Amino acid sequence: MLFPDTDVLEFESRIKQSKNITLLTHYNPDGDAIGSSVGMYHYLKCRNKEVNLIIPNEFPHFLDFVIDGVPFILGNKELDRVKNILTSTELIICLDFNTASRVGDALAETLRNTKVEKILVDHHLFPDNCYDVVFSHVPASSTSELVYELLYHLEEYKPFLNKPMAQALYTGICTDTGSFSFGCNHKRTYDIVGDLVEAGADVELVHQEVFNTNSEDRLRLLGFCLCERLTIIKDKRAAFIYLSKEDLKRFNYQIGDTEGVVNYCLTMKDIEFGVLITERIDRVRLSFRSKYDFDVNIFARENWNGGGHRKASGGHSFDSLEKVIETLTNQIQNLKL
Ligand SMILES: [Mn+2]
């Protein structure tokens, strides 16, 4: 069994005791953050709980269909209300992040200091020790897969899925594996996907919604990235793409528009390390991807105040875009691949 019986029983008893439960995921939520949260939301609703679904800030529009009909509260829009919930709810379930800082600066302190019991369900390395129960399994494809595993054990292997739950969890698995292209070399993932499809997850619909709903601006931004902003450092098998604030403005940037852009670096033969550098309002963000053995989690931790997974990580810097590009170029030149 993936998780110890004692932890699953602990989870069950805490859910039983709590009428009001709060779900919280990470800042800049992705498909897995939204999918795992919405999956858990539907499960708890089936058990007649009052559920507060808190999302720290806006998510890409291509995820709207997952959350359709589910009430949620945006942390950056209703900060006081969210802080109040985090200190007064009976149980907090944290999904798809390891450390409290991942919920964003505005909420991290409240999450760390609240007296409310916290449960973590996540697949990132090195979770904080501020949680009362931890369901962490790094090799899992996604947190959505872990939500399935947890509920599957909780319900003693009896069917527990309804269609919206299944579709949300499927979306999380599909997006966090780049459409089943990484982090998914386990039969178990496909057994779970089989169950999700059987329970009503519409794989074709998810694919259409997630991958075929580009705006013209987003598609042209991608073309611009590849044509004008791609630097290749061949001898280091690395490539990076950068986008300035002006670039983003030119293409009428919407949240989610740069999602997946970094992966294009790795579509080149002989390139195994890709980076996307994006200049934001208050900082420069970096996304790192690796195709083979190079560990971008370590690279992001050691150099860019970040981390994540071995093959997909992120970081940030408060230096200027120019300085970040210069520093990164030097780091790449010094890599011993
Ligand atoms: Mn995830």
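Here are some worked exercises on a predicted model, each with a task and a step-by-step solution.

**Exercise 1. The two domains**

Task: Work out where the chain divides into domain 1 and domain 2, and how far apart the C-alpha centres of the two lie.

Solution:
- Start with the bounds: domain 1 covers 5-210, and domain 2 covers 216-333.
- Then take the C-alpha centres of these domains, which are 27 Å apart.
- Now look at the contact between them: domain 1 puts in 9 residues, and domain 2 puts in 9 residues as well.

**Exercise 2. Reading the open sheet**

Task: Find the strand order of the 6-stranded open sheet, and say which strands stand at the edges.

Solution:
- Walk across the sheet and you get β7-β8-β9-β10-β12-β11, with mixed pairing.
- The two ends of that walk are β7 (230-233) and β11 (307-308); each has a single partner strand, so one side of each has no neighbour in the sheet.
- Take the β7 edge: its pairing with β8 (residues 238-243) is antiparallel and has 4 bridges. Within that pair, I233 faces A238 of β8.
- Next, the β11 edge: β11 and β12 run antiparallel and are joined by 2 bridges. G307 sits opposite G314 of β12. These two strands make a hairpin, with 3 residues between them.
- Last, step inwards from β12: β10 and β12 are antiparallel too, joined by 6 bridges. Here L286 has G315 in β12 as its bridge partner.

As background, strands of a sheet pair through backbone hydrogen bonds, either parallel or antiparallel.

**Exercise 3. Helices on the sheet**

Task: Which strands does helix α14 (residues 321-333) lie across, and at what angle does α14 run to β9?

Solution:
- Go through the contacts: α14 lies across β7, β8, β9 (273-279), β10 and β12.
- Then compare directions: α14 runs at about 165 degrees to β9.

**Exercise 4. One side of α13**

Task: Which residues of α13 are buried, and why do they count as being on the same side of the helix?

Solution:
- List the buried ones: V296, N297, F299 and A300.
- Check how they spread around the axis: they cover an arc of only 165 degrees, which puts them on the same side of α13.
- See what they face: the buried residues of α13 pack against β10, β11 and β12.
- Follow the chain onward: N305 comes after α13 and has a positive phi, near 50 degrees.

**Exercise 5. Two nonpolar cores**

Task: How many residues make up the largest nonpolar core, and which have the most contacts inside it?

Solution:
- The count is 57 residues, and the best-connected ones are L23, I93, C94, V121, L169 and Y170.
- Ask which element supplies most: helix α7 (residues 163-176) gives the largest share, 7 residues.
- Zoom in on Y170: setting aside neighbours within four places in sequence, its contacts are V193, L196, A201, V203 and V206.
- Don't forget the second, separate core of 26 residues, which includes C225, F240, L276 and V296.

In general, nonpolar side chains tend to be buried together in soluble globular proteins.

**Exercise 6. A proline in a loop**

Task: Is P60 buried or exposed?

Solution:
- Place P60 on the chain: it's in the loop between β2 (50-55) and α3 (64-67).
- Count neighbours: P60 has 21 other C-beta atoms within 10 Å. The cut-off for buried is 20 or more, so P60 is buried.
- Look for partners beyond four places in sequence: P60 is in contact with I255, G256 and E259.
- Try one long-range distance: P60 and D217 are 157 residues apart along the chain, and their C-alpha atoms are separated by 14 Å.

**Exercise 7. Positive phi without glycine**

Task: Where do S179 and N305 lie, and what are their phi values?

Solution:
- S179 isn't a glycine, yet its phi is positive at about 60 degrees. S179 is in the loop between α7 and α8 (187-198).
- Its 15 C-beta neighbours inside 10 Å make S179 partly exposed.
- N305 isn't a glycine either, and its phi is positive at about 50 degrees. The loop holding N305 runs between α13 and β11.
- N305 has 15 other C-beta atoms within 10 Å, so N305 is partly exposed.

Note on methods. Residues are numbered from 1 along each chain as its sequence is written. This is a predicted model: local features need pLDDT of at least 70, side-chain atom pairs count only at pLDDT 80 or more; totals for chains, interfaces and linings use all residues. Two strands pair if DSSP finds at least two bridges between them. Two residues are in contact if their C-beta atoms, placed from the backbone, lie within 7 Å. Axes are lines fitted to C-alpha atoms, for helices over the stretch in contact, and angles run from 0 to 180 degrees between N-to-C directions. A residue is buried if 20 or more other C-beta atoms lie within 10 Å of its own, exposed if 12 or fewer, and partly exposed in between; C-beta atoms are placed from the backbone. The arc is that of the directions from the helix axis to the C-beta atoms. A nonpolar core is a set of buried Ala, Val, Leu, Ile, Met, Phe, Trp, Tyr and Cys residues joined through C-beta atoms within 7 Å. Domain bounds come from an automatic or database domain assignment.
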